[in-house]
Amino acid sequence: MAAFNLNIKNFDKVFQEVKNYPENFNKIINNEFKAFGLLTVADAKRLCPTGDSGRLKNSIISSTSDLKVSINVNADYAVYVEFGIKEYAARYVPTLP
């Protein structure tokens, strides 16, 4: 699982909004997560190798719920593009955090 820091622009304004209307906190943070997810998907699609069909690129999606964001790739061969096969994957995957 990846980790990241959340930097909110105009934090004072956001903090004041949360302080005045605490029921909006989840909505505000979920909107930030949603924006992060969309930007991450855009980067992943930009960096994704494209084949004839573009299926891999088009299968990259994000979803946001309850203060969480998930980035998923729904092509069954995505793991092989990311990590390789056989010996290469066996050497590479254990080095991941």
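Hi everyone. A pocket, as I'll use the word, is an open set of grid points with protein on both sides within 12 Å along at least five of seven lines, and its lining residues have an atom within 4 Å of a point. With that in hand, let's look at this predicted model.

First, confidence. The protein has a mean pLDDT of 82, with 91% of its residues at 70 or more. Among the elements, helix H3, residues 55–58, has the highest mean, 94, while helix H1, residues 11–20, has the lowest, 74. As a general caution, predicted coordinates should not be read in detail where pLDDT is low.

Now to the largest pocket. Its volume is about 470 Å³, and 14 residues line it. Which of them lie nearest its centre? Those are Ala 44, Ile 60, Val 73, Ala 78 and Glu 82.

As for where the lining comes from, helix H2 (25–47), strand E2 (68–73) and helix H4 (78–83) each supply at least two residues. The most come from H4, which gives 5 residues. In character, the lining of this pocket divides into 12 nonpolar residues, 1 polar and 1 charged.

Last stop, and then you can have your coffee: Lys 19, which sits in helix H1. Is Lys 19 buried or exposed? Its relative accessible area is 57%, and exposed means over 50%, so Lys 19 counts as exposed. If you'd like a distance to find on the screen, take the C-alpha atoms of Lys 19 and Asn 58: they are separated by 40 Å, with the two residues 39 apart along the chain.

Thanks, everyone!

Conventions. Residues numbered from 1 in each chain as written. Predicted model: local features only at pLDDT ≥ 70, side-chain atom pairs only at ≥ 80, totals over all residues. Heavy atoms only, no water. pLDDT = per-residue confidence, 0-100. Helix = DSSP H or I, 4+ residues; strand = E, 2+ residues; numbered from the N terminus. 1 Å grid on protein atoms, 1.4 Å probe; cavity = no way out; pocket = protein on both sides within 12 Å on 5 of 7 lines; lining within 4 Å. Points joined across faces, edges and corners; volume = space filled by probe spheres on them. Nonpolar A, V, L, I, M, F, W, Y, C, P; charged D, E, K, R; others polar. Buried < 20%, exposed > 50% of the residue type's maximum accessible area, 1.4 Å probe, protein only.
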